[in-house]
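This report covers charged pairs and the nonpolar surface. Please have the sequence and model in view.

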Amino acid sequence: MTPPDADGKPATGASRTAAPGTGIRRARPQAHRTDTGAAPGDVTPARRSPAAAREGPRRSTYERWKPPQSGRATALHAGAWWLWALGLATAASRTTNPLLLGLIIGVAGYVVAARRTDAPWARSYGAFLKLGFFVIGLRLLFSMLLGSPIPGSHLLFTLPEIPLPAWAQGIRFGGRVTGEQLVFAFYDGLKLATLLVCVGAANALANPARLLKSLPAALYEAGVAVVVAMTFAPNMVADVVRLRTARRLRGRPTGGVKAVLQIGLPVLEGALERSVAIAASMDARGYGRTAEVPPAVRHTTNALTLGGLLGMCAGTYGLLAAQGAAYGLPVLGIGAALAVAGLRLGGRRSVRTRYRPDRWGPRAWLVTGSGAAVAALLIHAGSVDPAALHPGVVPLAAPVLPLWPAAAILIGLLPAFVAPVPPKEASQ
C-alpha cells in the first residue's frame, strides 16, 4: 500500500523523499517520457518568435498569387469586365484583318469559358456568337444584292439586275458579283461580329445586379432601365432553351413555324410576368423617390452635366479628326471633369444606401489594364503599320498575320489567370 504524502493523499506514480526533520517521506513529481520521444509534460514548449507568429505558415508564391474562389467578398468588380471587353472591342474596331479579328474572338471565348458561371446572363454568349454569324451572312447578302464600290476582276457570277428609277441613281439591285467584293464584305461583317462577341463576353461575365450597385447615384434610374434591358435577352434565351428541352422530352418537334409559334407565346408570357415582378420589387424598395434639393443646385447640376457631355463629344471628335489632335485631349479632359462634378452634385437627390459595395481591388486593375493595353497597342500598330491591320482586297491576296499585334491581343488572356475562379457547382 502506498503511504500518503504530507497532505494525506497517496503519492501514486511519484518517487518519495524524506522531509528534513521528519520521518515522513514526501512525494517528488517525476517526468514521464512518452514512447514517441516527446518532451515531458512539465517542460514548457519552445515558443515561436513574434515575427514567425505574425507570418504564419509559409506559403509558396503560387499559393499567394493564385486566383481565389469567387464569392461575395472576393468577386471581381462588374465594371472591370466591361472595361476589359470595351478594350477588346476598341482593338477590333481598328483592324479588318480576319486573322487578328479571329484571335480577338478566341481570346474573348477562352476567358468566358474559364470564368463564367451558370447564371442566366452567362448563357447568352452562344446567342451573341450566332448573332455574329448572322451579321456576316447578312452583310454578304447585301453586298451581292446591292453591289459594292470595290472594283474586282475575279467574276464569280452575275445576278439579274433590276432597273431602278432615276431618283435612285448610284444604287443597283443585282448585277456582277466579284471575289474582291465578297472578301471586302466578309472583312466588314467579321469586324462587326467581333464587336458583338466582345459585348456578349462582358454580358456573360459581369453580374448586372452588382454593376447596378456600382453606378453613381445620379445615374441610378437610367442604370436600372439599362440593366433591365440587358437582362431581358439572356433570360429570354434561357426560357427558349428550357421550353425547347421540355418539348424534346415530350417528343414534340422543336423546329418549324408551328413550333416557333408555340414556343414564342410562353416566352412572351414569362417576360411579362418577370416585368411585373421587377416593377413590384422596385416599388417596394422605394424606386424613384428622391430628396429635395435647392433649385440652384439642380440648375448647376444640369449645366455641369450637359457641358461635360458636350465637351467629351467635342474632345472625342478632336482625337478622331486629323485637324483636332492638338485640342482634342484637353477638351476631353475638361469635359470629363465637368461631367464628374455634375454627377457628384446630382447624387444628392438619391436617398438610397449601398449594402456591401463592391471594391475595386488589384485584380480588377489587372483585368481592366489588360483590355486597355490591347486597345492602346492596336491603336499604335494602326499608326505604325496600317497595311498589316487593313489588308487590301484589290489585288486579291491572302491576309498576313502581324506578329507583335497578335502578341498584343494575347494580353487579353490575363483575366483567365487572375480573376476569381467561379464555384465548381456553378461552372458545371
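How many salt bridges does the structure hold? The count is 2. The model is predicted.

## A bridge between helices

Arg 139 and Asp 188 form one salt bridge through their side chains, at 3.3 Å from N to O. This pair links distant parts of the chain, 49 residues apart. Arg 139 sits in helix α5 (residues 125-146). Asp 188 sits in helix α6 (residues 179-205).

Both ends can be placed by their accessibility. Arg 139 has a relative accessible area of 26%, so this residue counts as partly exposed. Asp 188 is partly exposed too, at 34%.

## A bridge within one helix

Asp 239 and Arg 242 also meet in a salt bridge, with an N to O distance of 3.4 Å. Both residues belong to helix α8 (residues 220-249). They are 3 residues apart, about one turn of the helix.

Is Asp 239 buried or exposed? Asp 239 is buried, because its relative accessibility is 10% and the cut-off for buried is under 20%.

## A nonpolar surface patch

A nonpolar patch lies on the surface, with about 870 Å² of accessible area together. Its residues are Leu 131, Phe 134, Leu 138, Leu 141, Phe 142, Leu 146, Ile 162, Leu 164, Ile 171 and Phe 173.

Which helix gives the most to the patch? Helix α5 does, with 6 residues. Leu 146 lies in this helix. Leu 146 is partly exposed, with a relative accessible area of 41%. Helix α5 also holds Arg 139 of the bridge to Asp 188.

Terms used:
Residues are numbered from 1 along each chain as its sequence is written. This is a predicted model: local features need pLDDT of at least 70, side-chain atom pairs count only at pLDDT 80 or more; totals for chains, interfaces and linings use all residues. Side-chain values use heavy atoms; hydrogens and water are left out. A salt bridge is a side-chain nitrogen of Lys or Arg within 4 Å of a carboxyl oxygen of Asp or Glu. Helices (H or I, at least four residues) and strands (E, at least two) are DSSP runs, numbered from the N terminus. Buried means under 20% relative accessible area, exposed over 50%, partly exposed in between (1.4 Å probe, protein chains only). Patches are made of residues with over 30% relative accessible area and no salt bridge: like charges are joined within 9 Å, nonpolar side chains (Val, Leu, Ile, Met, Phe, Trp, Tyr) within 5 Å. Accessible areas come from the Shrake-Rupley method with a 1.4 Å probe; for residues, only the protein chains shown count as cover.
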